[in-house]
Amino acid sequence: MIRLFIAAYVWMTGYGHFSYYYHVPNSQYGFVRIAKMLFRLNFLVVFIVMVMRNDYMLYYICALHTLIFMLTYLGMAAFSSFNNKGWWVMPVKIAVLSLLSYLLWDYENGVVFKTVWSPFIWFVGLDGSLHEFYFRTNLDHLIWIWGMIFGYFYLPMERFLLHLENRRSLIECVLWKLALSGVGLAIGYYWCTEYFFITDKFEYNAVHPYTSFIPILLFIFYRNIFARYVFTFFCV
Amino acid sequence: MYSLSFAFSFFSFLIFSFFFFFFFFFIFPFVFFFSFLFLSFPLFFCVTQPPFFSFLRWRLKYLSVLAWMGRSTLETYLLQFHLFLSSSSKTQVVYVPGYPYVNFLVGTTIFLYLSHKTLHLTNTLSDALISYSVHNPFLSPPPLKFD
């Protein structure tokens, strides 16, 4: 469960920075934005590490999110003038980033990742090895790409949901929604039985990076399709 | 003559006081209550349209408490080991010995308050140190004053 929450956070990192650079006009690619982001993520943890004389990798969330932010930034900032030139640009970029993450984490059990980070073992290592850093980032090495994909399909999805809700009769709308949620329920049931209720922790760690997008996207789907019936009573 | 006029005024006082009473306690509240109808009678049916298009707004709703908590997630994650828990995350810091629930409330309150304090501190420092401002002391010093 905690793995899933962390995966959801990493999804939000990819989605948020993608949305900022893709949907917001005149988004800043300069040094100030990177510096602000790195300061926000790392100021307190560096302070704590200095005061308590701990290892940086004990608070691995900061390293994970810094790395994911830098990867998203590199993906968006490279050839950034082409970002809004055509529909094919973002899929190409996302494919390249997927290949990059495959090379870093999956190729030969992460030998590329460990080679790249081996000069910085004094900073991101724990007990003289990069295993902790590799393990923690490997768990979420694909979900930020799903966040970017979701950011790319955000406006069409919104249009689709409005088209679904803007029906003449309420019954038709509710029937469409129930049909879609039945499909979602089937997918969720498959995910639960095949991947989630695995008693062995190590087996779940192996399948987590490739399957964690299913519950996260299902949660977003249900949260938005039934927002009408839930949030009118419980929310501001 | 005088007595007659007095009688007239007395009876008229009785009658008009009745109207006065009637006006202030039956008519005036009624008018006051429905004054919005008389003051803006044509607007009344325009403003209170039935919310046909409010479905555009439903998806934007969220729980403000969770949003407040989520703003300082990084700080709560970092500080939970040092302010909320102790002895390497095995036990909780004891503020009120003997009352675990009261201790939990007090500890959580202090922890969340200090997390938000550190969040605001980080944001303030970030704004002070990193900005496009001309008067940023790290990029360019403020203009010198000779007096």
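**Exercise 1. Describe the order of the elements in chain B, and then in chain A.**

From the N terminus on, chain B runs α-α-α-α-α-α-β-β-α. This comes to seven helices and two strands, where helices (H or I, at least four residues) and strands (E, at least two) are DSSP runs numbered from the N terminus. Chain A has 13 helices and zero strands.

The model is predicted: local features need pLDDT of at least 70, side-chain atom pairs count only at pLDDT 80 or more, and totals for chains, interfaces and linings use all residues. Residues are numbered from 1 along each chain as its sequence is written, while chains are lettered from A and ligands numbered from 1 in the order in which they are written.

**Exercise 2. State how confident the predictor is in chain B and in the complex.**

Step 1. The mean pLDDT (the predictor's confidence in each residue, from 0 to 100) of chain B is 75, and 67% of its residues reach 70 or more.

Step 2. Among the elements of chain B, helix H3 (residues 41-47) has the lowest mean pLDDT, 56, and helix H7 (residues 100-129) the highest, 90. Where pLDDT is low, the predicted coordinates should not be read in detail.

Step 3. For the complex, the predictor gives an ipTM of 0.71 and a pTM of 0.71.

**Exercise 3. Determine whether A:Gly147 is buried or exposed, and list its contacts.**

Step 1. A:Gly147 lies in helix H8 of chain A.

Step 2. A residue is buried if 20 or more other C-beta atoms lie within 10 Å of its own, exposed if 12 or fewer, and partly exposed in between, with C-beta atoms placed from the backbone. A:Gly147 has 27 C-beta neighbours inside 10 Å and therefore counts as buried.

Step 3. Two residues are in contact if their C-beta atoms, placed from the backbone, lie within 7 Å. Leaving aside neighbours within four places in sequence, A:Gly147 is in contact with A:Trp11, A:Met12, A:Thr13, A:Gly14, A:Tyr15 and A:Phe18.

Step 4. Eight of the ten residues of H8(A) are buried, so this helix is largely enclosed by the rest of the structure. Its cover includes H1, H3, H4, helix H9 (154-165) and helix H12 (213-225) of chain A.

**Exercise 4. Characterise the packing of H4(A) against H8(A).**

Step 1. Two packed helices are described by the angle between their axes and the distance between the axes. Axes are lines fitted to C-alpha atoms, for helices over the stretch in contact, and angles run from 0 to 180 degrees between N-to-C directions.

Step 2. H4(A) and H8(A) pack at an angle of about 175°, with their axes 10 Å apart. H4(A) is therefore roughly antiparallel to H8(A) (angles under 35 degrees count as roughly parallel, over 145 as roughly antiparallel, 65 to 115 as roughly perpendicular and the rest as oblique).

Step 3. The residues of this contact divide into seven nonpolar, two polar and no charged. Ala, Val, Leu, Ile, Met, Phe, Trp, Tyr, Cys and Pro count as nonpolar, Asp, Glu, Lys and Arg as charged, and the others, Gly among them, as polar.

Step 4. On the H4(A) side are A:Met90, A:Ile94, A:Leu97, A:Ser98 and A:Ser101, which meet A:Ile145, A:Met148, A:Ile149 and A:Tyr152 in H8(A).

**Exercise 5. Compare the buried share of each chain.**

Of the 236 residues of chain A, 23% count as buried. For chain B, with 147 residues, the share is 7%.
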